[in-house]
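The exercises below are meant to be worked through with the sequence and the coordinates at hand. Each task is followed by a solution that proceeds step by step.

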Amino acid sequence: MPGPSTYSIGNIKGSWVLSPTLSPVSVGVTTTTEQTFTVTGLILGDFVDVAKPTNQPGLSVANSRVSAANTLAITFVNLSSATITPTASEIYNIVVTRPENLTSTNNSILTQLV
């Protein structure tokens, strides 16, 4: 068993849903592509969970993150043998969870030894 480590802990400052209209570009054959979108109000350190509103065979959302202030990054995966363009002008649902006590490095100022 490894020795003690320090990890960030803290409370949630707030949680809400944003519903921006997004128009992703095409995703190449059997690849992943991270695409960024302007979503006003996001800050570094926010946790985001993205739901694409429609199903497209062979296309999946693999990851989402806030890559910069007001910038949502979504990684799309194309598992098919053809290029897929995600449906344009769809309203995505994004659950935003913002921790409290963020520092300049976006970690909670509270730590605990385990």
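Two strands are taken to pair if DSSP finds at least two bridges between them. The model used throughout is a predicted one.

**Exercise 1. Determine the strand order of the open sheet of three strands, and state which strands stand at its edges.**

Solution. Step one is to read the order, which is 4-7-6, with antiparallel pairing. Step two concerns the edges: strand 4 (31–38) and strand 6 each have a single partner strand, so one side of each is left without a neighbour in the sheet. Step three adds the geometry, since the twist from one strand to the next averages 25°. Step four looks at one pairing in detail: strand 4 and strand 7 run antiparallel and are joined by eight bridges, and within strand 7 it is Phe 76 that stands opposite Thr 33.

**Exercise 2. Find which residues touch the most other members of the largest nonpolar core, and which strand supplies its largest share.**

Solution. The core holds 16 residues, and those touching the most other members are Leu 42, Val 48, Leu 72, Ile 74 and Phe 76. Turning to the strands, at least two core residues are supplied by each of strand 5 (47–51), strand 6 (59–68), strand 7 (71–78) and strand 9 (93–99). The largest share, three residues, comes from strand 7. For Phe 76, once neighbours within four places in sequence are left aside, the contacts include Pro 24, Val 27, Phe 37, Leu 59, Val 61, Pro 86 and Tyr 92.

**Exercise 3. Sort the residues of strand 5 into a covered and an uncovered face, and identify the bridge partner of Val 48.**

Solution. In a regular strand the side chains alternate between the two faces of the sheet. Strand 5 has Val 48 and Val 50 on its covered face, while Phe 47, Asp 49 and Ala 51 form the uncovered one. Strand 5 and strand 9 run antiparallel, with five bridges between them, and the bridge partner of Val 48 in strand 9 is Val 96.

**Exercise 4. Decide whether Asn 78 is buried or exposed, and describe its surroundings.**

Solution. Asn 78 lies in strand 7. The cut-off for a buried residue is under 20% relative accessible area; Asn 78 has a relative accessibility of 1% and therefore counts as buried. A polar atom of the Asn 78 side chain lies 2.8 Å from the backbone oxygen of Ala 82. Not counting residues up to four places away in sequence, Asn 78 touches several others, among them Val 27, Gly 28, Val 29, Gly 58, Thr 83 and Ile 84.

How values were computed. Residues are numbered from 1 along each chain as its sequence is written. This is a predicted model: local features need pLDDT of at least 70, side-chain atom pairs count only at pLDDT 80 or more; totals for chains, interfaces and linings use all residues. Side-chain values use heavy atoms; hydrogens and water are left out. A nonpolar core is a set of buried Ala, Val, Leu, Ile, Met, Phe, Trp, Tyr and Cys residues joined through side-chain atoms within 4.5 Å. Buried means under 20% relative accessible area, exposed over 50%, partly exposed in between (1.4 Å probe, protein chains only). Helices (H or I, at least four residues) and strands (E, at least two) are DSSP runs, numbered from the N terminus. Contact means heavy atoms within 4.5 Å. Axes are lines fitted to C-alpha atoms, for helices over the stretch in contact, and angles run from 0 to 180 degrees between N-to-C directions. A polar contact is a pair of N or O atoms within 3.5 Å; within protein, one must be able to donate a hydrogen and the other to accept it, and residues adjacent in sequence count only if both atoms are side-chain atoms.
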